[in-house]
Amino acid sequence: MSVIAPVELRHLRGGTWVGGPLEREGRNPGRPDEIVARVPAADAVLLSGAAVTARGALAGWARTPAPARGEVLFRASALLADRAESIGMELAREEGKTLAEGIGETRRASAILRYFAGQTTEAIGAVYPSSAPGTRIQTLRQPIGVVAIVTPWNFPIAIPAWKIAPALAYGNTVLFKPASATPLTAYRLVEALVDAGLPAGVLELVFAGGADVTSSWIASGAADAVSFTGSEAVGRELASIAYGRHMRVQLELGGKNAVVVAADADLEVAADAIVRGSMASAGQKCTATARVIAVESVRVPLLAAIVARVGRLKAGDQVDPSVTLGPLIDPAASARVDGLVRAAEGLGARATRPIVVPSGGAHLAPVILDGVGGDSSIMQDEVFGPVVGLMGVPDLDAAIRAHNGVAYGLSGSIFTRDLATADRFIQSARVGIVHVNGETAGAEPHVPFGGMKGSSSWSREQGKSASEFYTQTKTIYVDGLPSVGLFDSE
């Protein structure tokens with residue numbers, strides 16, 4: 001296999017790519033000896049300078065006609081589409097997704113940019129009737145200002161795209177801190193925006209630690225808003241600081257998503273969706289299927305169907321097109337997930353590992369756990385690996401209680417042939433995203449995305465809902481207008 005030279009990354013400061021002393025090396029999680037990228041360090045001067053530059057660029061970008069902002073996003077979308085295979089390969093090498101998933105995620109980022117480019121030609125306000133003659137009431141949506149964006153490693157181009165694209169479309173400037181584990185993919189997104197003609201200073205990319213960013217951009221009040229996706233603990237700490245500065249805050253946190261399988265479900269369809277939802281991206285999705293709650297009468301055949309399908313997965317080098325299961329993000333994550341599984345086994349869970357995975361690196365054999373209690377740690381806490389827990393319940397009432405009996409509320413699904421059963425679940429599930437006869441994972445760019453309970457700050461990303469976060473509404477009363485109507489001259 002040929003050796004690919006590491007990419008030397010640079011910060012983006014004021015429209016200029018700026019290097020720095022080596023901070024860390026990004027490595028391939030499947031082959032830890034392979035260096036994918038070299039990441040420069042950021043100091044306090046660079047971080048504070050980025051904030052000053054983004055503030056200085058704000059007025060000019062906000063004044064730029066919205067359709068002109070959209071043209072930049074359209075061009076960047078086209079560039080990502082053209083570069084999807086090369087970026088997808090780098091994403092797979094850096095994060096551990098399979099090659100097909102890496103290319104697919106890059107194309108999804110392209111679609112996200114294209115969608116929000118289109119939003120720049122939509123209405124930015126409304127007119128309301130007034131009870132007073134000669135008064136007109138209207139609203140106007142305007143940019144909120146400088147937005148700090150902090151993104152996770154598990155979707156290193158899609159999540160940055162669905163935060164950065166609306167921020168730019170609605171006239172904000174952006175301070176971007178990507179995940180430390182996947183800097184190269186984030187760099188490629190920013191590179192496409194720069195190549196598409198994004199003006200200097202509108203987007204500042206800095207590779208830095210979370211604590212440094214919080215201190216320089218959030219605690220200082222340098223930003224007007226912060227959008228964060230990541231762990232619940234970090235998100236809540238960040239929010240407490242941001243709220244203290246009267247900043248607008250958007251949080252998307254964890255998930256412990258469940259599939260409910262009713263007695264009348266098509267078990268073959270359900271098993272297919274459960275395996276896709278739990279094993280794609282090695283289970284490292286906030287929307288991944290982590291729990292299966294089956295009516296007891298179908299639990300045993302459902303388990304057999306799941307095990308058979310997992311047994312057909314092929315684990316290995318994630319850049320091999322035939323591989324369908326890659327490694328976790330790093331060996332530490334693999335060891336952590338394995339420890340959680342073994343702890344569940346120690347409490348009586350029955351583990352099935354249908355395939356063998358390569359030794360070394362961050363590979364971990366997928367696991368189906370049967371006989372787990374709904375209140376056990378493995379069914380309550382986010383695992384973030386190729387692990388699914390299966391429990392049996394006596395009826396639909398018990399299934400819905402178990403489904404809702406966790407701290408998270410991102411996504412949930414039910415499999416049933418009965419419309420009334422499906423609607424009961426739709427109405428009762430305490431999650432932000434409900435699927436019927438489909439996997440828990442997946443989101444389209446034009447549809448609102450977000451959770452309930454501990455999964456979210458109740459805000460919504462993607463779709464038209466994004467404008468609610470990235471803009472502020474101004475209400476305007478105009479008095480003294482002529483009190484005339486359409487038919488007064490007749």
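## The three-stranded open sheet

In this predicted model, three strands form an open sheet in the order β1-β5-β4, and their pairing is mixed. The edges are taken by β1 and β4, each of which has a single partner strand, so one side of each lacks a neighbour in the sheet. Strands β1 and β5 run parallel and are joined by two bridges. Within this pairing, V7 stands opposite A37 in β5.

## Helix α3 and its surroundings

Helix α3 comprises 12 residues, 84–95. At 1.5 Å a residue it should span 16 Å, and the 15 Å between its end C-alpha atoms agrees with that expectation. The helix is mostly covered, with nine of its 12 residues buried. These buried residues are A84, I87, G88, E90, L91, A92, R93, E94 and E95; charged side chains are thus named beside apolar ones, including E90 and R93.

The buried residues of α3 pack against β1 (7–8), β4 (22–27) and β5 (35–40), and also against the helices α2 (66–82), α4 (99–119) and α6. The strands β1, β5 and β4 that make up the open sheet are therefore among the packing partners of this helix. Just after α3, G96 adopts a positive phi of about 105 degrees.

## Antiparallel pairing around β7

Strand β7 (residues 136–143) pairs with strand β6 (residues 125–128) in the antiparallel sense, over four bridges. One position in this pairing is G125, whose bridge partner in β7 is L140.

Strand β7 also pairs with strand β22 (residues 471–478), again in the antiparallel sense, here over eight bridges. In this second pairing, T139 has T475 of β22 as its bridge partner.

## Aromatic pairs

The structure holds five aromatic pairs. In one of them, formed by W17 and Y187, the ring centres are 4.9 Å apart and the planes stand at 50 degrees, so the pair is tilted. It links distant parts of the chain, with W17 in strand β3 (residues 16–18) and Y187 in helix α6 (residues 183–195), 170 residues apart. The two partners differ in exposure class: W17 counts as partly exposed at 22% relative accessibility, whereas Y187 is buried with a relative accessible area of 2%.

A further aromatic pair is formed by W153 and F384. Its geometry is edge-to-face, with 5.7 Å from centre to centre and 85 degrees between the planes. This pair also links distant parts of the chain, at a separation of 231 residues. W153 lies in the loop between β8 (146–150) and α5 (158–169), and F384 in the loop between α12 (377–380) and β17 (387–393).

## Charged groups over the ring of F155

Two basic residues lie over the face of F155. K97 is placed at 4.2 Å from the ring centre, and R108 lies over the face of F155 at 5.8 Å from the ring centre.

## Buried charged residues

E204 is found in strand β10 (residues 203–205) and is buried, with a relative accessible area of 0%. Apart from residues up to four places away in sequence, E204 touches L12, R13, G14, G15, A50, T53, A54, V174, L175 and F176.

R309 belongs to helix α10 (residues 296–310) and counts as buried at 13% relative accessibility. A polar contact of 2.4 Å joins its side chain to that of E268. Leaving aside neighbours within four places in sequence, R309 is in contact with E268, A271, D272 and V275.

## Positive phi outside glycine

H246 has a positive phi of about 60 degrees although it is not a glycine. This residue is found in the loop between α8 (232–244) and β12 (248–252), and it is exposed, with a relative accessible area of 75%.

F384 likewise has a positive phi although it is not a glycine, in this case of about 65 degrees. F384 lies in the loop between α12 and β17, and its ring forms the edge-to-face pair with W153.

Notes
Residues are numbered from 1 along each chain as its sequence is written. This is a predicted model: local features need pLDDT of at least 70, side-chain atom pairs count only at pLDDT 80 or more; totals for chains, interfaces and linings use all residues. Side-chain values use heavy atoms; hydrogens and water are left out. Rings of Phe, Tyr and Trp (its six-membered ring) pair if their centres lie within 6.5 Å; planes under 30 degrees apart count as stacked, over 60 as edge-to-face and the rest as tilted. Buried means under 20% relative accessible area, exposed over 50%, partly exposed in between (1.4 Å probe, protein chains only). A charge sits over a ring if NZ of Lys or CZ of Arg is within 6 Å of the ring centre and within 35 degrees of the ring normal. Contact means heavy atoms within 4.5 Å. The expected span of a helix is 1.5 Å times one less than its number of residues. Two strands pair if DSSP finds at least two bridges between them. A polar contact is a pair of N or O atoms within 3.5 Å; within protein, one must be able to donate a hydrogen and the other to accept it, and residues adjacent in sequence count only if both atoms are side-chain atoms.
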